[in-house]
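Welcome to a set of worked exercises. Have a look at the structure below, try each task yourself, and then follow the solution step by step.

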Amino acid sequence: MNPSSMRTLSRRELLKVMGVTAAASLAAACTPPVPAPAPTKAAGAPAAAPAPKEVKLAHWQHHSVSRAQTVEHFKARFEDENKNVKIDFQSIPWAEYWGKLASAIAAGKGSAPDVFQIPMGLVEEYVAGGNLVPVADAVITGKAIEESYLPWTVQRGKKGNEYYGLPLDVQTLLIYRNDKLYQEVGLDPKANFKDLTDLYEQAAKLTKKKGGQTDQIGCNTGYYSAWQTVLYQQFLQREKNGQAWVDSATKKLVWPKHPEILELFKWFCKLSADADDNAFLTGQNRFALGKAGMEIGHPVSRGTLKAQAPDLAYTIVPFAPRQAGQPLYTAGSHWMWVVGKWAADFMSGWKWVYFCTNKPAQIVWSDIGGDLPSYKELVDDPRFRKDANANVVMDSLKYASPWEWVGWAEWVKEFGDARDRVVIGNEAPDKSFNTMVDNLNKVIETHTPKS
Amino acid sequence: MATAAKAFAITRQRWSRQQRREALWAYAFLSPAFFFLLALIMFPILFAFWISLHDWSLIPRHFPFIGLQNYLETLRDPLTIKSLRNTLFYTVGAVPVSMAVSLILALIMNQEKLPFRTWFRTAYFIPVITSWVAVSFVWLWLFEPRWGLVNSFLGWFGITGIKWLASPVWALPAIMLVAVWKGLGYNMVIFLAGLQGIPREMHEAAKIDGANRWQSFWFITFPLLNPTVVFITVTAVIGSLQVFTPAVIMTTVQGEAGGPINSTRVMVYHIYSTAFRYNRLGYGAALAFVLFALILVVTLMQLRLTQREVEYT
Amino acid sequence: MTEIALQRPSAMAFLRRHSRAELAVLVLGFLILMLGAVWMLLPLVWMLSASLMPLSEVIKVPPIWFAPAKYSLNNYIEVWGRVGFARFFFNSVFVAGTITAAQLLTSSMAGFAFARYQFPGRMLIFILILSTMMIPFQVIMIPLFIMMARLHMVNTYSGMILPAIVTPFGIFMMRQFMLGVPKPLLEAARIDGASEPYIFTRIMLPLCKPAIAALAIFAFLGSWDNFLWPLIIINSKQLWTLPIAMSRFTEQYISQTHLQMAGASIMFLPVLFVFLLMQRNFIEGIALTGLKG
């Protein structure tokens, strides 16, 4: 028994030592850390004119390397110009951003961030819940906001007469085309689409399917929610006088009233079935791998493609109009920086936000990360238009209108399910469309603030 | 032992000193674990149950009490029914296979005569510690309907046309295969630990008596392994009913997981999605408690059926 | 190496003892085992390969298993070079180490209580403890966070460590193993006048070495890779653990998979080390009288 008891002794001793170390460390760690996340206000010491109060702002956003870099740059300059403000900047991984934000807001003041970003579609709910404060007039007035920013980048942040957020991460929807694949089938990648039928035909030409096996897809339709959003909104905006797709009185979708929208849904399902294949390179980025003729995407995809497929030659063109000759359209999306009601100092919060979203700031965003501007004046500025693709992108800012989702993730799900039911489940498009409309109406109801 | 029995018989109405002493020591050993769990886990669980009785929308700050309405909704919600079915299918399929294969592996790895034994044990354990991102990428490729190795392998036997992760029928089995594959080493290690304790004398005595390998296993090893088997069965079922990562990482499209027509949507993903993507914490909590009830019932049944004291002769 | 050398003398005897058919089966079995082992290692091979290539090569299918021409150490330099990486490593080791030690301690003590004693509420308390395993963590995340915020433990080591100190899985495991220890052994010790702590530490624990080793592996693995709770509770970079640092590589529109794989390769090593260390307890085994099952 002797050897084993000696071994036991040493393990037991090890456990004891670790336990004691742990206990001691825990005791040490229990003392609050030096940089506390909660904003504090300590009165200034100097005897002369009362010094501005010390302010700590907690700023949260979801992580992106280039954006984190840009914000660090702004933070350094802002803290330089405003010596009494300290910014605690946290860049949180995208998938966990919601969990962390929800937990912090639930815990309330002291844990919740002062400045953070939310998708434009959620601003209304946040405001209704009394979570946000409007943009401070002293920093920038509502009128000035309307004059400076592209209307569609700020209108979803407006409630009543006040604006509650300033835009960042502005995106539109455009079609990316693989130059090489286009030239192989004798198509010109730089020629705009005539209409949706033209898009379909090009996609069909680019598809290589034989006997159940696919070698190349004509069009990656995987971004189901983008396709359907731009298709339906395009119709209502261009042909129905800018009709919103949620009726303001009934709070229900107006889609069933317009048979063309069902037709668009059927068109999309047909495109997805004929020019795309779920089972082809499942889970991979088909366009980056050079196996897809075209796909819908945001301007930010340029950065992604640069990293994933630096040698891929592609052209960006506007989305196809429903019928030939109609004016161009795209659906635009963005996030908003907002200030929480629990923030210690609203003025500093908004000063900081405006510092990061004003005109000079937007130039910095573009320089560091290739982000799009939202200032009217910058749309035609040559520094943003360095190549043909950039021209198309910048022009799209002029004819965009914002995505009209009420809520957020449910729409992704419903759009995807509706398409899947038809293409994979062989359900009748009418039935699937109606199910989608019913479900989305329920979602709108859930997310419409109850007064 | 006899003394205690007599003492018990005499003092049946009240606890003997012996029993009281035992109980106190038991509570002493139990307290640290129990009180930590009580404070840090059970209490939040109760709080979560409280939330499930409300329509808890964090952002609109809207918390009306609605009693059991959330629970009634779960019964009517087709997405919930689908998630439950997927999860049950997953559990019933994955657990027995995983246990059987890992037991076989453990038996093999327990043989002293196996050359390179340590290398094999390590190799079979490595999937457990390999990053899910790497596992997902390689398996997505293996399951690729046209070029992947799985379909090539099946092709030799004349089986073609299975679209695996793109098929509403085969996506879930594909996930199960990956999850079982990744967890083999885990259960293998536990079985190994269990096998280690079975004294060699038992097997030697059996061999002398003329038992072959199978009889030695079935009549000696397996019964003595009962506590380990019970442990693995119960924890594997509890774990499988709460499966999350395999189903999500391999079937996420546009941030939404669940495979073609929700065929790989599992309960815990459904709960997570409802609570954090759709922002319905009350309903999400109710879903969690429905799952909890299911797991509890299944576990109690299992414990009832399999628990027996091991007697040494 | 030593294993083979020692076996060679008996290899001849082995061959003589079995018929050709039996040998054929054994060889076939061994080959299958080998193929299986290769299959197990595939993702690891890709992971290491991907950690040495740029992103454009990493996303390619078929996966690139081995392409020395494309390899470079850039990813590792970028990952390791990030300010404070050594600090993250220390944090991970400290947190995982503490949690592992705590879990071993609490699990063996609680398992001992369940296996060894009869007491009122025995089954009920066990079920209660087991039931805490039946709720997914995301559900209790927010209530737990609110509690931690009230206790001022947000952004602290203790905030990260305390919720993980007890594991019902470990308690269950130790209970099962301890149940197999024959009662007479422990009774004998008690009759001899041994105190309960003595029986626990000097008799029960040594008999449970394989179980403790297995639990140590799982406890370490779980806490080393633990990501969600540390992310929720930690705000400052000084306290980041490795998984939090590695999460920098995933964004909304792109995953820096090449850097993720470099990070994963680094994080993989300590767990492998713990496994190799602990599984030595499985080779030795116990071959004496009166043992467990």
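**Exercise 1. A pair of rings in chain A**

Are A:Phe116 and A:Trp342 buried or exposed? Work this out, then describe how the two rings sit together and which parts of the chain they join.

*Solution.* Keep in mind throughout that this is a predicted model.

Step 1: A:Phe116 is buried, and A:Trp342 is buried too.

Step 2: The two rings form an aromatic pair, with 6.2 Å from centre to centre and 10° between the planes. Planes under 30 degrees apart count as stacked, and the pair of A:Phe116 and A:Trp342 is stacked.

Step 3: Now find each ring along the chain. A:Phe116 belongs to strand S3 (residues 115-119) of chain A, while A:Trp342 is in the loop between strand S12 (330-339) and helix H11 (346-357) of chain A, so the pair ties together parts that are 226 residues apart in sequence.

**Exercise 2. A second ring pair**

Decide which kind of pair B:Trp164 and B:Trp170 form, and state how covered each residue is.

*Solution.* Step 1: The ring centres of B:Trp164 and B:Trp170 are 5.5 Å apart and the planes stand at 70°, so this pair is edge-to-face. The cut-off used here is that planes over 60 degrees apart count as edge-to-face.

Step 2: B:Trp164 has a relative accessible area of 8%, so B:Trp164 is buried. B:Trp170 has 36% relative accessibility and therefore counts as partly exposed.

Step 3: For the wider picture, a search of the whole structure finds 77 aromatic pairs over all chains.

**Exercise 3. Charges over rings**

Find an arginine that lies over the face of a phenylalanine in chain A, and another in chain C.

*Solution.* Step 1: In chain A, A:Arg177 lies over the face of A:Phe193, at 4.2 Å from the ring centre.

Step 2: In chain C, C:Arg175 lies over the face of C:Phe126, and here the distance from the ring centre is 4.1 Å.

**Exercise 4. The nonpolar core**

How many residues does the largest nonpolar core have, and which of them have the most contacts inside it?

*Solution.* Step 1: The largest nonpolar core has 364 residues. Those with the most contacts inside the core include A:Phe116, A:Tyr232, A:Trp245 and A:Trp411.

Step 2: Helix H8 (residues 171-196) of chain B gives the largest share of this core, 16 residues.

Step 3: Zoom in on A:Trp411. Not counting residues up to four places away in sequence, A:Trp411 touches several residues, among them A:Trp245, A:Leu253, A:Trp255 and A:Ile444. Ring pairs also link A:Trp411 into a cluster that includes A:Tyr232, A:Trp245, A:Phe265 and A:Phe433.

Step 4: Compare this with a general tendency: in soluble globular proteins, nonpolar side chains tend to be buried together.

**Exercise 5. Looking for disulfides**

How many disulfides does a search of the whole structure find? Then examine A:Cys219.

*Solution.* Step 1: The search finds zero disulfides over all chains.

Step 2: The closest cysteine sulfur to that of A:Cys219 is in A:Cys269, 13 Å away, which is too far for a bond.

Step 3: A:Cys219 has 0% relative accessibility, so A:Cys219 counts as buried. A:Cys356, also at 0%, counts as buried as well.

**Exercise 6. Two helices of chain B**

Describe how covered helix H6 of chain B is, then place B:Ile51 and list what B:Ile51 touches.

*Solution.* Step 1: Helix H6 (residues 132-142) of chain B is mostly covered, with nine of its 11 residues buried. Among them are B:Phe137, B:Trp139 and B:Trp141.

Step 2: The buried residues of H6(B) pack against helices of chain B, including H8, and also against helices of chain C, including helix H2 (20-50).

Step 3: B:Ile51 is in helix H2 (residues 17-52) of chain B. With a relative accessible area of 7%, B:Ile51 is buried.

Step 4: Leaving aside neighbours within four places in sequence, B:Ile51 is in contact with B:Trp56, B:Leu281, B:Gly282, B:Ala285 and C:Pro143.

**Exercise 7. The domains of chain A**

Which domains does the domain assignment give for chain A?

*Solution.* Step 1: Domain 1 of chain A covers 55-170 + 333-397, and domain 2 covers 174-332 + 403-446.

Step 2: Taken over C-alpha atoms, the centres of these two domains are separated by 29 Å. Their contact takes 15 residues from domain 1 of chain A and 17 residues from domain 2 of chain A.

Note on methods
Residues are numbered from 1 along each chain as its sequence is written. Chains are lettered from A and ligands numbered from 1 in the order in which they are written. This is a predicted model: local features need pLDDT of at least 70, side-chain atom pairs count only at pLDDT 80 or more; totals for chains, interfaces and linings use all residues. Side-chain values use heavy atoms; hydrogens and water are left out. Rings of Phe, Tyr and Trp (its six-membered ring) pair if their centres lie within 6.5 Å; planes under 30 degrees apart count as stacked, over 60 as edge-to-face and the rest as tilted. Helices (H or I, at least four residues) and strands (E, at least two) are DSSP runs, numbered from the N terminus. Buried means under 20% relative accessible area, exposed over 50%, partly exposed in between (1.4 Å probe, protein chains only). A charge sits over a ring if NZ of Lys or CZ of Arg is within 6 Å of the ring centre and within 35 degrees of the ring normal. A nonpolar core is a set of buried Ala, Val, Leu, Ile, Met, Phe, Trp, Tyr and Cys residues joined through side-chain atoms within 4.5 Å. Contact means heavy atoms within 4.5 Å. A disulfide is a pair of cysteine sulfur atoms within 2.5 Å. Domain bounds come from an automatic or database domain assignment.
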